[in-house]
Amino acid sequence: MARESERVVDYLTEVELLAESVIADKQQIISLDAKRHQNREALRALHNSSKQTGNVMVCFGDMFIKFSKTRTKDMIQKDQEHLDEEIRKLCNQLKMKVNRLNEAQGKPELKGFNLTPLTHEEMHAITKILKN
C-alpha cells in the first residue's frame, strides 16, 4: 500500500513540475510581449515626433541618456528583433512542454498544435496559382 501511494505522489509531483514549467513559460512570454509592445510605442512616438533630427532622452533603468534619434531607433529595432526571437523560442519550447504534460497526464497529443505559418514565398506562390 505504501509503495502505491509513493508512486501516486511521484506521479503528481512530476505532473505538477511540468505544469509549473508551462505556466512559467507563459508568464515569460507575456512579460516579453509587454516589453515588445512598449518598444513598438516608442518607435511610433519617435516616428511621429515633430523634429526629424536631433537628440532624444532614453531611459535605461533609472538613468536618462541623450542619444540621436537614428541611433535610438536602431537600438529599439534590434531589441525588437531580439524579443521576437526569444518569444519564438519560448513558444516552441512551450509546445514541447505542453506535449510532455499531456503525455504525463495520459491525454492524447493536441492536434493542429504544431502548425507553422506559410512563408512569404509560399504565400506568393499560392496567390500566383490561384490567380491563374
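**Close-up 1. The hairpin of strand 1 and strand 2 in the predicted model.** Two residues stand between the strands of this hairpin, and Gly61 has a positive phi near 70°. Strand 1 (residues 55–60) and strand 2 (residues 63–68) pair in the antiparallel sense, with six bridges between them. Asn55 is placed opposite Ser68 of strand 2.

**Close-up 2. Surroundings of Thr72 in helix 2.** Helix 2 covers residues 69–105 and includes Thr72. A polar atom of the Thr72 side chain lies 2.8 Å from the backbone oxygen of Ser68. Beyond its neighbours within four places in sequence, Thr72 is in contact with Leu46, Val56, Val58 and Phe67. Thr72 counts as buried because its relative accessible area is 4%, under the 20% limit.

**Close-up 3. Surroundings of Asn102 in helix 2.** Asn102 has a relative accessible area of 10% and is therefore buried. With neighbours within four places in sequence set aside, Asn102 is in contact with Lys107, Pro108 and Leu110.

**Close-up 4. The salt bridge between Asp79 and Lys35.** The closest N and O atoms of Asp79 and Lys35 are 3.3 Å apart. This pair links distant parts of the chain, with Asp79 in helix 2 and Lys35 in helix 1, 44 residues apart. Asp79 is partly exposed at a relative accessible area of 22%, and Lys35 is partly exposed at 37%.

**Close-up 5. Salt bridges within helix 1 and within helix 2.** The count of salt bridges in the model comes to six. One of them joins Asp33 to Arg36, with 2.5 Å between the closest N and O atoms. Asp33 and Arg36 both belong to helix 1 (residues 2–48) and are three residues apart, about one turn of the helix. Asp33 is partly exposed, at 31% relative accessibility. In helix 2, Glu86 and Lys89 are also three residues apart, about one turn of the helix, and their side chains form a salt bridge with an N to O distance of 4.0 Å. Glu86 is partly exposed, with a relative accessible area of 25%, and Lys89 is partly exposed, with 42%. Asp33, Arg36 and Asp84 are joined into one network by salt bridges that share partners.

**Close-up 6. A nonpolar surface patch that includes Ile126.** The patch is formed by Leu118, Met123, Ile126 and Leu130, which together have about 400 Å² of accessible area. Ile126 is located in helix 3 (residues 120–131). With 36% relative accessibility, Ile126 counts as partly exposed.

How values were computed. Residues are numbered from 1 along each chain as its sequence is written. This is a predicted model: local features need pLDDT of at least 70, side-chain atom pairs count only at pLDDT 80 or more; totals for chains, interfaces and linings use all residues. Side-chain values use heavy atoms; hydrogens and water are left out. Helices (H or I, at least four residues) and strands (E, at least two) are DSSP runs, numbered from the N terminus. Buried means under 20% relative accessible area, exposed over 50%, partly exposed in between (1.4 Å probe, protein chains only). A polar contact is a pair of N or O atoms within 3.5 Å; within protein, one must be able to donate a hydrogen and the other to accept it, and residues adjacent in sequence count only if both atoms are side-chain atoms. Contact means heavy atoms within 4.5 Å. Patches are made of residues with over 30% relative accessible area and no salt bridge: like charges are joined within 9 Å, nonpolar side chains (Val, Leu, Ile, Met, Phe, Trp, Tyr) within 5 Å. Accessible areas come from the Shrake-Rupley method with a 1.4 Å probe; for residues, only the protein chains shown count as cover. Two strands pair if DSSP finds at least two bridges between them.
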